[in-house]
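Here is a short report on a surface patch, a ring pair and a helix. Please look over the sequence and the model first.

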Amino acid sequence: MPAWLGSLPDVPRRAVLVPTAANPLPSAPFVRAAADLLKAEGLAVDVLDLERAAGDGVRRVLDGAQVVFVTGGYPVFLLEHVRRSGFDRVAAPAVADGSLAYVGISAGAALAGPDLRPLQAADDPGTVDSTAGLGLVPFVVLPHRNRGRAARHDRLAREPGRTGRVLSINDDQAVSVTGDGFEILESGCSA
């Protein structure tokens with residue numbers, strides 16, 4: 001995170017943390033860890049829970065932020081509230097024009113891609129008509145490969161009719177995107 005933040009064109013001062021995907025979970029210590037990580041890098045952190053936000057409220061919280069950090073949890077639940085709140089209509093153009101940097105972990109990483117269909121699960125409480133993601137990147141991120149999901153990820157990547165690239169990453173990896181290029185980075189720690 002420090003190196004990535006340092007690579008941004010402008011030094012970020014304020015981040016918005018979106019914990020929504022974790023709302024249905026009984027416990028989500030990674031949300032607090034994400035907030036602590038951002039604060040440790042000197043950023044002021046505002047929380048934007050999309051389950052309870054809408055329209056102008058989303059725009060108001062994102063206005064003036066340089067970074068949005070979307071945490072993990074249930075991907076379709078997250079997508080439902082991304083659409084209902086209007087987050088997609090505010091955040092995606094800001095990321096595209098370079099005024100907002102996007103960080104996502106787990107479901108938040110998958111949200112950046114073109115489609116969340118590969119991450120749909122029967123226990124996800126979200127409901128959507130379309131699984132189209134934000135389309136910030138041209139690939140689907142499949143997180144947690146190292147948690148016994150390698151065979152499933154490989155099967156999804158070979159699925160007949162699949163268009164677009166699938167990136168299967170471990171918990172100690174990140175995908176850094178700059179312009180049209182991307183790089184899979186190792187964190188140097190194991191999770």
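Val177, Phe182 and Ile184 make a nonpolar surface patch of about 210 Å². Patches are made of residues with over 30% relative accessible area and no salt bridge, with nonpolar side chains joined within 5 Å. A salt bridge is a side-chain nitrogen of Lys or Arg within 4 Å of a carboxyl oxygen of Asp or Glu. Areas come from the Shrake-Rupley method with a 1.4 Å probe.

This is a predicted model, where local features need pLDDT of at least 70 and side-chain atom pairs count only at pLDDT 80 or more, while totals for chains, interfaces and linings use all residues. Residues are numbered from 1 along each chain, and side-chain values use heavy atoms, without hydrogens and water.

Buried means under 20% relative accessible area, exposed over 50%, and partly exposed in between.

| Residue | Strand | Relative accessibility | Class |
|---|---|---|---|
| Val177 | β7 (residues 173–178) | 35% | partly exposed |
| Phe182 | β8 (residues 181–186) | 32% | partly exposed |
| Phe139 | β5 (residues 139–142) | 4% | buried |

Strands are DSSP runs of E, at least two residues; helices are runs of H or I, at least four.

Which rings form the aromatic pair? Phe139 and Phe182 do, 4.9 Å centre to centre, tilted with 50° between the planes. Pairing needs ring centres within 6.5 Å; planes under 30 degrees apart are stacked, over 60 edge-to-face, the rest tilted. The pair ties together parts 43 residues apart in sequence, because Phe139 lies in β5 and Phe182 in β8.

Now the helix. Helix α7 (residues 145–157) spans only 12 Å between its end C-alpha atoms, whereas a straight helix of 13 residues would span 18 Å. The expected span is 1.5 Å times one less than the number of residues. α7 bends by about 45° at Ala151. That bend is the angle between axes fitted to the seven residues ending there and the seven starting there.

Notes:
Phe/Tyr/Trp six-rings, centres within 6.5 Å; stacked < 30°, edge-to-face > 60°. Buried < 20%, exposed > 50% of the residue type's maximum accessible area, 1.4 Å probe, protein only. Patch = residues over 30% accessible without salt bridge, like charges linked within 9 Å, V, L, I, M, F, W, Y side chains within 5 Å.
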